[in-house]
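Visitor: Could you take me through one part of this structure in detail? I am new to this, so please go step by step.

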Amino acid sequence: MATISAGSGTNDDAPGPSDPRIDPDRLLATLSRFATFGATDGGGLNRLSLGDADGQARDELCAIARRRGYRVEVDPIGNIFITRPGLDETLPVVLVGSHLDSQPFGGRYDGAYGVLAGLEVLLSLDDAGVRTRRPVTLVDWTNEEGARFSPGLLGSGVVAGTISLADAQARTDADGITVGQELDRLGYRGAFDSSSLAVHRSFETHIEQGPVLERTGTDIGVVNGVQAIRWFDVLVQGQDRHAGTTAHSDRQDALVAAARLIDVVDQMADTVDEDLRATVGEIRVQPNSRNVIPGRAVLSIDLRHPDPARLDQAEEQLRRAAAEVGEQRGVRTEVHQVLEMPPTAFDAETTDLIRRAAASLGRSAMEMSSGAGHDSMNVASRAPASMLFIPCVDGLSHTQAEDIHDEWAVNGASVLLTAVRWAADEPAGHSPE
Ligand code: HGY
Ligand code: MN
Ligand code: MN
């Protein structure tokens, strides 16, 4: 059980610092400012990883950090680590943060809230003149979403070792541009050795991206884990032919074959079980012309379930259906796995710190697991990690309609500040592992 020093970790002879508090106006103003980087007409964000808008957001974050005298380090996959020094720089850091990249027509808070609530924690410690025992490091993870460069969780995956740096830098977008080229273009191919970063505890703050907290009127989600994720690309190769001269019996129509597979994926909530989440989010058709029978189709598939055995079942059904459709429609099908994340159980002690921080501030809290994926899945493989959620309106996320209430934003940052301070002041000998 963590022993939490009530103090603030300052040296005894200095005048006592004031108790650090979140500055609500500053937090809300920062959220609004960052929502201008990649703002869409629909009130959301189009801030794809390593695009110009992501570059602007990254530059702004680093500029704020440098003005405050924090250490700014960038690793070779573009992850940004901003450190507020502690009394003892030899101790492992307390890590906060999330991601600044968004979905193509995503929301203003998915990821950005976690980065900017983490920034507000550092600024609040400054304002109160509090020097924590351990350094506190804020991270912006590269390409969490995987919308432009697949797979997602890319930057944290390199640090966790789930993908090599070379493979990650070589990933290409739909136009064949690589991650490495974009890192160079924006100036974010750094040299910091993030694999050597020693982390005492990690706290990621995020919107729930689901309806439970709002529906139950609960302030804080204390997240104990994340369900398993598996992504696939399915290639369907037929033959493009003239739409007017080719009898249906002579067709090898890749799009019709793909449509059969989309139906199979949609039925998996019945054929596997109702807790399975199976989605075909993307289809790329070639040549994509009205009067050409499509010769090629590529589907993106996202499968999630708390139990990996159920994902095995879903994967087996997908592979069997692809083979059968290939036979029936005279097309070649290939199923390629592009991401595999096992279910994650967060560190119990770190999770308990969040629970107790919420209680100390009189905030209601409930324990929950996450349906959405997060970089903390990768962090948890290297350090004691956990997450805290705030509600979002109607549980909406990955849409421009994503929204939060100001009070929710402030509650989450306040609980984060308390948990971070306690963790950062845990005795040097305390090793949560
Ligand atoms: O896909 C996810 O679960 C995350 O929101 N990127
Ligand atoms: Mn996110
Ligand atoms: Mn997301």
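Visitor: In β15, which residues point one way and which the other way, and are they buried or exposed?

Guide: Happy to help! One thing to keep in mind is that this is a predicted model. From β15, A385, M387 and F389 point one way, while S386, L388 and I390 point the other way. All of them are buried. With six of its six residues buried, β15 is largely enclosed by the rest of the structure.

Now let us look at the neighbours of this strand. β5 pairs with β15 in the parallel sense, over six bridges. Strand β6, made of residues 220-226, also pairs with β15, but in the antiparallel sense and over three bridges. F389 is a handy landmark here: H206 stands opposite F389, and F389 is also the bridge partner of G221.

H206 is a good residue to follow next, as it leads us to a metal ion. Together with H99 and D110, H206 coordinates the manganese ion (ligand 2), at 2.1 to 2.3 Å. The histidines use their NE2 atoms for this, and D110 uses an OD atom. Along the chain, these donors follow the spacing H-x10-D-x95-H. H99 and H206 link distant parts of the chain: H99 is in the loop between β3 (93-98) and α3 (112-127), whereas H206 is in strand β5 (residues 199-207), 107 residues apart. Both H99 and H206 are buried.

From there, D110 takes us to a second ion. D110 bridges the manganese ion (ligand 2) and the manganese ion (ligand 3), which lie 3.5 Å apart. The manganese ion (ligand 3) is coordinated by D110, E145 and H398, at 2.1 to 2.6 Å, and E145 is listed with two OE donors. The spacing of these donor residues in sequence is D-x34-E-x252-H. Here too, a pair links distant parts of the chain: E145 is in the loop between β4 (136-140) and α4 (154-160), and H398 is in the loop between β15 (385-390) and α13 (406-424), 253 residues apart. That brings us back to the strand we started from.

How do E145 and H398 compare in their surroundings? E145 is buried, because its relative accessible area of 6% is under 20%. H398, at 41%, is partly exposed. As for the geometry, the site of the manganese ion (ligand 3) has six donor atoms with angles of 53 to 168° among them, and is irregular. For comparison, ideal angles for six octahedral donors are 90 or 180 degrees.

H398 also leads to ligand 1. An N or O atom in the side chain of H398 is 3.0 Å from an oxygen atom of ligand 1. R304 has a side-chain N or O atom 2.7 Å from an oxygen atom of ligand 1, and for G373 a backbone N or O atom lies 2.7 Å from an oxygen atom of this ligand. The protein covers 92% of the 210 Å² of accessible area that ligand 1 has on its own. Among the residues that surround ligand 1 are D110, E145 and H398, and these residues also coordinate the manganese ion (ligand 3).

One last stop takes us just past β6. Q227 is found in the loop between β6 and β7 (228-237), and is buried, with a relative accessible area of 11%. The side chain of Q227 reaches the backbone oxygen of G371 at 2.9 Å.

Conventions: Residues are numbered from 1 along each chain as its sequence is written. Chains are lettered from A and ligands numbered from 1 in the order in which they are written. This is a predicted model: local features need pLDDT of at least 70, side-chain atom pairs count only at pLDDT 80 or more; totals for chains, interfaces and linings use all residues. Side-chain values use heavy atoms; hydrogens and water are left out. Donors are N, O and S atoms within 2.8 Å of the metal (3.2 Å for Na, K and Ca); water is not among the atoms, so sites may look incomplete. Four donors count as tetrahedral if all angles lie between 85 and 135 degrees; four count as square planar and six as octahedral if opposite donors are over 155 degrees apart and all others between 65 and 115; anything else is irregular. Helices (H or I, at least four residues) and strands (E, at least two) are DSSP runs, numbered from the N terminus. Buried means under 20% relative accessible area, exposed over 50%, partly exposed in between (1.4 Å probe, protein chains only). Two strands pair if DSSP finds at least two bridges between them. A residue is near a molecule or strand if one of its heavy atoms lies within 4 Å of it. A polar contact is a pair of N or O atoms within 3.5 Å; within protein, one must be able to donate a hydrogen and the other to accept it, and residues adjacent in sequence count only if both atoms are side-chain atoms. Accessible areas come from the Shrake-Rupley method with a 1.4 Å probe; for residues, only the protein chains shown count as cover.
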